[in-house]
Structures are given as C-alpha cells and as structure tokens.
Amino acid sequence: MDFKDYYAVLGVSESASPEEIKKSYRKLARKYHPDVSKEDNADEKFKDLGEAYEVLKDPEKRAEYDQLRKYGAQADGSFQPPPGWQSASGFGGGGYTDADSRQFSDFFEQMFGGGQGPGQGAGGFRQTVRMRGEDVHARLALFLEEVFNGSEKQVSFAVHEADEQGRVIARQKTLKVKIPAGMREGQHLRLKGQGSPGYGGAAPGDLLIEIELAPHPSFSVEGRDVVVTVPVAPWEAALGATITVPTVGSKVNVKVPKGTSSGRKLRLKGKGLPGKHPGDQIVVLQIAIPEQHSAEAEKLYEQLAEAEKAFNPRSKLHL
Amino acid sequence: MSDRNSILTVEVMDENGSTFTLHEVCERGECHAEFVIKLVNYGIIAPLEPAAEARQWLFDVAALARLHKARRLQRDLKMNLPGLAMSLELLDEVQDMRREVERLSRQLQQLTDE
C-alpha cells in the first residue's frame with residue numbers, strides 16, 4: 001500500500017496550525033475543483049485534497065496520522081501500518097463527517113475505515129427508502145469527421161451502487177453508444193436509465209453526455225459553421241481563378257473573384273455542420289507567395305511595381 | 001460486460017428535446033424546490049418559460065447540468081448564492097475565452113506555417 005503524505009498534498013509543514021491547514025485547503029480546493037480546473041488530473045488532485053483535509057482538520061485523526069507517519073514508513077518507501085493498528089476515531093460509522101468517503105483512497109480506508117465499509121452509515125436508510133439513482137455526467141470528445149458522419153463510440157463512466165452488504169461502491173461501466181451526425185460542442189445526449197441504479201426499487205438515473213469537439217488541423221467550428229483558411233497565389237487573387245478547397249471528408253471547386261484581398265471570406269451554403277438547419281463552410285482566403293522567386297518573376301514584379309505606382313496598401317494607416 | 005456489446009441509440013437533448021419539471025430537477029439534483037427557485041431568481045439557471053409560475057416551469061438538460069454543477073460547487077467550496085452566480089458566470093466566460101484562444105491560436109499557427 002502506498003503511503004499518502006497528507007501534509008505534502010496540502011502543501012503545509014508538519015507543524016502547520018489548523019488555520020494554516022484550513023487556508024491552504026480552501027485555496028487548493030478552489031484551484032483544483034473539477035468544475036473549475038482544466039488540468040487533466042484535477043479530479044484526482046481534488047479527491048486527494050478532500051481526503052488530506054478530512055484527516056488533518058480533525059485533531060484526533062491528525063494525531064493518529066502523525067503516529068502512523070512516524071512508525072509505518074518502511075525503508076523501501078512502501079508503507080505498512082504498525083501491527084495491531086486500529087483507528088480510535090473511526091470513520092465508517094456515519095455522522096462523523098459530511099465528506100463523501102466513497103471517494104477516498106485505499107490508504108484512507110485502511111487507516112480510518114474502522115473495519116466497516118465506506119458509506120455504511122447510510123446503509124440501513126438506503127435499504128428502506130426508495131430513492132432515484134444518480135444522474136451521471138460524462139464528456140465525450142468527437143472528431144469533426146464523426147460530427148459529420150455520426151459515429152459509434154465507447155463511453156466509460158463510474159456509477160454508484162450498493163453491494164450485497166449494502167455498502168455503496170463505485171462501479172466502472174462501459175457502453176457502446178451511437179452518436180447521431182450534426183452534434184455541436186456543448187450539446188448533451190441522454191441515455192435513459194444508464195446512470196446509477198435506484199434504491200429500494202426506484203428508477204435508475206440517466207447518463208448525460210456532454211459533447212466536446214477535438215481540434216482539427218485544418219478546420220475550426222464556429223456555431224454551425226465550419227471555417228477553413230485556404231492559401232491562394234497572388235495572381236489567383238489578382239486575376240480571379242477557380243480553385244479546389246477542402247470540405248470535411250471531400251472537396252469542392254470555388255471561384256475566387258478577381259481582385260481578392262487576403263482575409264476575404266467565401267461562404268459555401270450548407271457545407272457546415274449537418275442537421276435540420278445545416279451550417280455553412282466559410283473559406284478564408286490567404287494570399288501566399290513562393291519562398292523564392294525566379295529571376296524572371298522578380299523582373300515581372302518590378303514591372304508590376306512600376307505600373308501600379310499609384311497604389312498605397314497602407315493608406316488606411318495614413319502612411 | 002454485456003453492456004459493452006449492445007449499441008445504444010441516444011436521445012439528443014436540444015431545443016426540442018425532453019424537458020424536466022421543477023419536481024424532476026429537484027429529484028435529480030437532490031435538492032429542495034426552494035433552492036432551485038433561488039437559482040432561478042439569481043439567474044443561475046432559467047426555465048424555458050421564465051414568465052410561468054414555478055409549478056409550470058420546465059427545464060432543459062443544460063439547466064439540469066448547471067444545477068448539478070452549482071450543487072457541487074456549493075457543497076465543495078461552501079459558496080453562497082451570490083458567489084455561486086458570479087463564479088458560474090465567470091467560468092462560462094473563461095470557457096468561451098479558452099475556446100476562442102484555442103481557435104485563434106490554431107488559425108495563427110496555420111497562417112505562420114504557410
């Protein structure tokens with residue numbers, strides 16, 4: 001079993017006062033709250049924080065923990081509780097805390113679980129009361145191609161349910177889900193009855209999936225529109241041309257109007273996100289020049305500069 | 001697991017998708033109606049027809065997801081309602097800005113690559 005250094009988790013020293021511990025916990029809880037933080041392991045960090053604070057805020061548990069810390073650490077860095085260890089403060093009896101101890105680590109469970117299962121305190125209550133199962137939230141990232149074509153995805157998430165002893169445990173659940181075409185970022189899907197099971201014969205909760213869009217190397221999405229930047233040669237922009245532009249999963253020919261400036265947008269009706277009201281594809285034209293010109297081309301540019309002397313591209317800047 | 005082998009067809013929740021009554025969101029959010037009414041009064045969540053009486057309110061799934069989020073923040077960070085309202089608004093703003101920054105930096109990347 002790994003030893004959990006609760007002082008390190010909270011970023012405080014062993015001699016920290018209760019006020020310092022509280023202050024540090026509050027600050028880090030704001031920082032790592034999974035609804036606030038964008039860090040990948042925010043969930044894990046927030047859980048560790050809650051667990052560390054649960055022990056260190058309580059003088060009795062803190063004293064026990066300090067003892068364990070002193071005598072339980074092994075030479076190889078692993079951890080064994082001292083022989084005959086049993087927590088006097090106990091945790092599983094219920095009513096001791098309002099924290100959700102189902103979330104805590106094996107280390108916590110072994111040290112402070114008091115031999116009973118987590119969530120045991122509510123066991124009797126759960127047996128007799130009918131209670132609808134929890135809704136479970138999950139996020140699912142889709143590639144743009146999947147948004148266009150629809151897809152079949154595997155979704156994994158944890159549900160809470162009671163085991164034979166009435167203890168609440170987290171169970172990993174995996175479903176194969178058919179995602180329809182045309183989903184937008186932030187849109188939700190509901191899978192009825194796929195959340196946590198209900199208690200006492202009550203209905204299970206739902207699984208609510210929030211859709212995210214994975215970044216695409218060429219296309220970006222604005223609402224229902226798909227935006228793509230397409231380079232054109234200076235002569236194509238000046239003279240007009242028919243060019244091929246990519247669409248998601250295909251390509252189309254479009255006419256670049258004569259005298260196009262960099263940044264000009266062309267709208268391809270109905271080529272955006274599919275759906276009842278499909279979006280458009282916006283093509284942003286960008287003038288690109290070759291890295292190196294031939295001597296002949298340079299001469300032609302010089303002629304061009306001479307012929308277009310009157311043109312001031314910086315007139316808007318009053319230069 | 002047997003779950004994994006069967007493919008489930010989902011219900012898309014959008015403007016025309018299913019809605020939840022005040023009673024249903026309370027049950028799902030494990031909270032009292034008073035709390036939901038306060039969230040509505042603070043503009044944290046909104047029913048589809050805000051003019052209607054609370055008994056007739058209907059909420060979409062986005063409002064339900066927001067209610068869950070508000071409950072988590074309130075429980076974990078001990079926030080009061082004005083703080084909750086402001087935090088959720090700022091979090092929305094941050095999320096929009098993050099997306100915008102991501103989009104713009106990708107565009108910029110494309111421009112400088114070419």
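Visitor: In what order do the four strands of the open sheet in chain A stand?

Guide: This is a predicted model, with local features needing pLDDT of at least 70, side-chain atom pairs counting only at pLDDT 80 or more, and totals for chains, interfaces and linings using all residues. Residues are numbered from 1 along each chain as written, with chains lettered from A and ligands numbered from 1 in written order. Strands are DSSP runs (E, at least two residues), numbered from the N terminus, and two strands pair if DSSP finds at least two bridges between them. The pairing is mixed, and the order is 6-7-11-10.

Visitor: Why is one side of strand 6 and of strand 10 of chain A left without a neighbour in the sheet?

Guide: Strand 6 (219-222) and strand 10 (265-268) of chain A each have a single partner strand. One side of each is therefore free of a sheet neighbour, because both stand at the edges.

Visitor: Which residue is the bridge partner of Ser220(A)?

Guide: Strand 6 of chain A runs antiparallel to strand 7 (residues 225-232) of chain A, joined by four bridges. The partner lies in strand 7 of chain A: Val227(A).

Visitor: Which helix supplies the largest share of the largest nonpolar core?

Guide: A nonpolar core is a set of buried Ala, Val, Leu, Ile, Met, Phe, Trp, Tyr and Cys residues joined through C-beta atoms within 7 Å. Buried means 20 or more other C-beta atoms within 10 Å of a residue's own, placed from the backbone. The largest core has 34 residues. Six of them, the largest share, come from helix 3 of chain B.

Terms used: A residue is buried if 20 or more other C-beta atoms lie within 10 Å of its own, exposed if 12 or fewer, and partly exposed in between; C-beta atoms are placed from the backbone.
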